Amino acid sequence: MVNQGVEDFVKSPITKVVGLTLFAFSFFYLGQHWSDGNQQLVFFNNQQQSDKSLTPSIAISPNANKTISSEPPPSHPSKPPPVIAEKFGVIDENGVMADDFEVGEFDPDLVDKFRNLNTSIVKPDEVSAAAVEIGKYSLCSEDMREYIPCLDNVEELKKLDSTVRGEKFERHCPGKDSVLNCLIPPPKDYKTPIPWPQSRDEVWFSNVPHSRLVDDKGGQNWIERDNDKFKFPGGGTQFIHGADKYLDQIAQMVPEIAFGNHTRVVLDVGCGVASFGAFLLSRNVTTLSIAPKDVHENQIQFALERGVPAMVAAFATRRLLYPSQAFELIHCSRCRINWTRDDGIYLLEVNRMLRGGGYFVWAAQPVYKHEIPLQEQWKEMEDLTTRLCWELVKKEGYVAIWRKPSNNSCYTGRYAGTQPPLCDLSEDPDNVWYVDMKACISRLPDNAYGANVTTWPSRLNNIPDRLQSIKLDSQISRGELYKAENGYWTNIVTSYVHVYHWEKKPFRNVMDMRAGFGGYAAALINLEMDYWIMNVVPVSGPNTLPVIYDRGLIGVMHDWCEPFDTYPRTYDLLNANRLLSTEQKRCNVSTIMLEMDRILRPGGTAYILDSVNVMDEIQEVAKAIGWHTNPRDTSEGPHANWKLLICEKSL
């Protein structure tokens with residue numbers, strides 16, 4: 001009975017209420033006296049008040065009088081949520097490299113890694129903004145309006161021991177104490193250039209006010225003066241009936257040349273006013289037209305004013321600034337070069353630059369005239385080309401066309417002692433910056449890299465074989481870098497075109513001053529912008545020129561601490577992507593920007609994308625030059641490490 005009474009007492013409602021009350025007070029007591037210092041709970045009472053406000057009330061905690069810190073206790077930090085790495089599809093979960101991935105939202109850091117390969121990295125604490133305000137640069141004297149610093153260096157030219165091999169036409173740059181420190185003035189009455197494609201056929205006389213070519217070549221259908229304009233009928237010394245008919249003749253002689261398909265990149269040596277290259281443009285062929293600054297010194301200037309790819313260059317003592325296997329076809333029409341002199345050293349330079357299986361087209365008097373001296377020249381040419389393993393595929397009228405072999409089998413099968421010899425295996429045929437020519441045959445790669453490029457236009461976006469031969473100080477997949485750069489520039493250039501309305505701007509001559517794999521130029525072509533683009537590969541980084549040419553683009557090696565080999569007022573648009581911060585440890589930012597001003601046309605634009613650490617100095621120099629500047633944030637936002645400065649040169 002006693003046990004039954006205890007059991008009834010425990011089960012009674014009063015006992016349950018008392019027990020719950022004691023448990024609640026115990027909980028608050030323990031919370032007050034054994035708290036570990038963490039923020040205590042605040043209890044909200046959702047019961048309705050007796051008034052009509054229905055405002056939630058707050059029940060006061062037993063810890064209400066305690067001071068509660070809002071900072072987490074140092075001894076018990078809260079753990080951050082785990083970081084989930086975004087997968088880019090390059091390596092799968094098994095650690096296998098995948099080829100079929102999409103760039104999508106590309107990683108700009110990946111492009112930065114490539115951009116910084118083999119260059120000196122500028123750390124933020126090593127860079128300071130322009131400490132002093134730079135005064136306005138003054139105008140140079142009128143006689144410098146066509147000044148090319150490394151080709152017009154009279155003092156250095158006087159010191160030359162010999163000029164027999166054309167040394168005076170090569171680069172002889174001013175020293176650091178004599179660098180350009182003024183602004184090249186335009187000619188009197190300079191006008192906005194006539195836009196392309198009209199400019200192919202006529203340009204303003206006032207922009208290139210020289211009539212020497214008209215006087216010397218007027219009867220050869222090159223150029224004629226018509227009041228305030230120069231007009232270009234499209235002829236040449238060896239094709240006075242017009243470039244189009246001449247191109248038809250070449251295409252019929254050797255159909256395998258296939259302009260715009262198999263043949264995409266051409267070099268025209270001794271180009272005159274570049275009508276050969278101008279008319280090839282309509283056949284989807286990009287021709288780089290070159291000539292020295294000689295007695296007809298303005299022929300390249302006329303070409304550039306027309307909107308045709310061109311630069312000043314000469315066959316003399318050094319290699320030209322283009323890689324091996326760059327051109328599918330090299331053309332010389334009365335280019336006044338003795339190809340067989342000095343053991344054929346000039347034709348050997350052509351052989352270096354000519355793609356395996358490519359063509360050399362020679363239109364000259366020895367091909368068709370029967371005078372004894374000219375026939376002797378022809379026999380010398382036949383003998384030399386045979387020893388070079390070139391095949392004479394066609395000789396018709398005044399044109400002869402040879403084909404270079406696609407591999408080394410003919411070279412290695414020659415009789416011992418045959419001249420010229422093969423170059424040493426240590427010779428890098430792509431090394432071109434101040435490298436002397438040698439009278440030897442540049443070997444073709446045993447793996448046929450360079451000789452087996454695809455046809456145009458697919459080669460523009462395909463990954464070239466020679467990407468694997470580029471010397472990169474990186475462990476990242478080269479194909480991945482290539483695709484990342486393409487994605488990067490596709491996004492950037494698309495935004496430039498649409499946001500800044502490039503379709504309304506008279507851009508034609510464009511330069512990418514730090515070209516990488518040529519992604520900027522490829523993006524412009526894919527967007528069908530009617531520009532030609534000079535891709536410049538700085539000597540301070542990896543030599544990517546072979547990849548650029550394999551894509552069907554043109555480019556040149558250059559050191560931006562020295563002036564570029566072109567006339568003033570050459571380019572409508574300059575793209576300087578992280579160039580100035582890369583080169584500032586080697587030379588002054590102002591030196592490069594003054595050179596940019598020299599080669600930029602009045603009314604032209606420079607897009608400078610660079611580090612915030614140097615942007616103040618860039619803006620200061622731009623202001624001193626007299627450019628109109630427009631600083632913009634990149635797509636990464638106002639707190640990004642990079643800024644865009646759009647600079648316009650006044651007319």
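The largest cavity is lined by 17 residues, and those that lie nearest its centre are Arg171, Ala314, Arg319, Leu321 and Asp565. About 240 Å³ of space lies in this largest cavity, and a search of the whole structure, which is a predicted model, finds four cavities of 30 Å³ or more. Rolling a probe the size of a water molecule over the atoms is what shows where empty space is left.

Turning to the sheets, one open sheet of seven strands follows the order S8-S7-S6-S9-S10-S12-S11, and its pairing is mixed. Its edge strands, each of which pairs on one side only, are strand S8 (310-312) and strand S11 (391-396). Neighbouring strands of this sheet are turned by 20° against each other on average, with direction ignored.

Another open sheet of seven strands, also with mixed pairing, has the order S15-S14-S13-S16-S17-S19-S18. Here the edge strands are strand S15 (554-558) and strand S18 (628-633), each pairing on one side only, and the twist averages 20° from one strand to the next.

Strands of a sheet pair through backbone hydrogen bonds, either parallel or antiparallel. The table sets out one antiparallel pair from each order.

| Strand | Partner strand | Sense | Bridges |
|---|---|---|---|
| S10 (residues 354-363) | S12 (residues 399-403) | antiparallel | five |
| S17 (residues 600-611) | S19 (residues 642-648) | antiparallel | seven |

Within these pairs, tryptophan 362 stands opposite alanine 400 in S12, while the bridge partner of threonine 605 is glutamate 648 in S19.

Two helices can be placed against strands of the sheet that contains S10. Helix H9 (residues 341-353) lies across strand S6 (265-269), strand S9 (327-333) and S10, and it runs at about 135° to S10. Helix H11 (residues 372-387) lies across S10, S11 and S12, running at about 15° to S12.

A single loop residue completes the account. Serine 199 lies in the loop between helix H4 (154-158) and strand S3 (202-204). Is serine 199 buried or exposed? Serine 199 has a relative accessible area of 2% and therefore counts as buried, because the cut-off for that class is under 20%. Its side chain reaches the backbone oxygen of arginine 306 at 2.6 Å. Leaving aside residues up to four places away in sequence, serine 199 touches Ile194, Glu305, Arg306 and Gly307, so that arginine 306 appears both among the residues touched and as the residue whose backbone oxygen the serine 199 side chain reaches.

How values were computed
Residues are numbered from 1 along each chain as its sequence is written. This is a predicted model: local features need pLDDT of at least 70, side-chain atom pairs count only at pLDDT 80 or more; totals for chains, interfaces and linings use all residues. Side-chain values use heavy atoms; hydrogens and water are left out. Two strands pair if DSSP finds at least two bridges between them. Helices (H or I, at least four residues) and strands (E, at least two) are DSSP runs, numbered from the N terminus. Axes are lines fitted to C-alpha atoms, for helices over the stretch in contact, and angles run from 0 to 180 degrees between N-to-C directions. Contact means heavy atoms within 4.5 Å. Buried means under 20% relative accessible area, exposed over 50%, partly exposed in between (1.4 Å probe, protein chains only). A polar contact is a pair of N or O atoms within 3.5 Å; within protein, one must be able to donate a hydrogen and the other to accept it, and residues adjacent in sequence count only if both atoms are side-chain atoms. On a 1 Å grid over the protein atoms alone, a cavity is a set of points where a 1.4 Å probe fits but cannot get out, and a pocket is an open set with protein on both sides within 12 Å along at least five of seven lines; lining residues have an atom within 4 Å of a point. Grid points are joined across faces, edges and corners, and a volume is the space filled by probe spheres set on the points.
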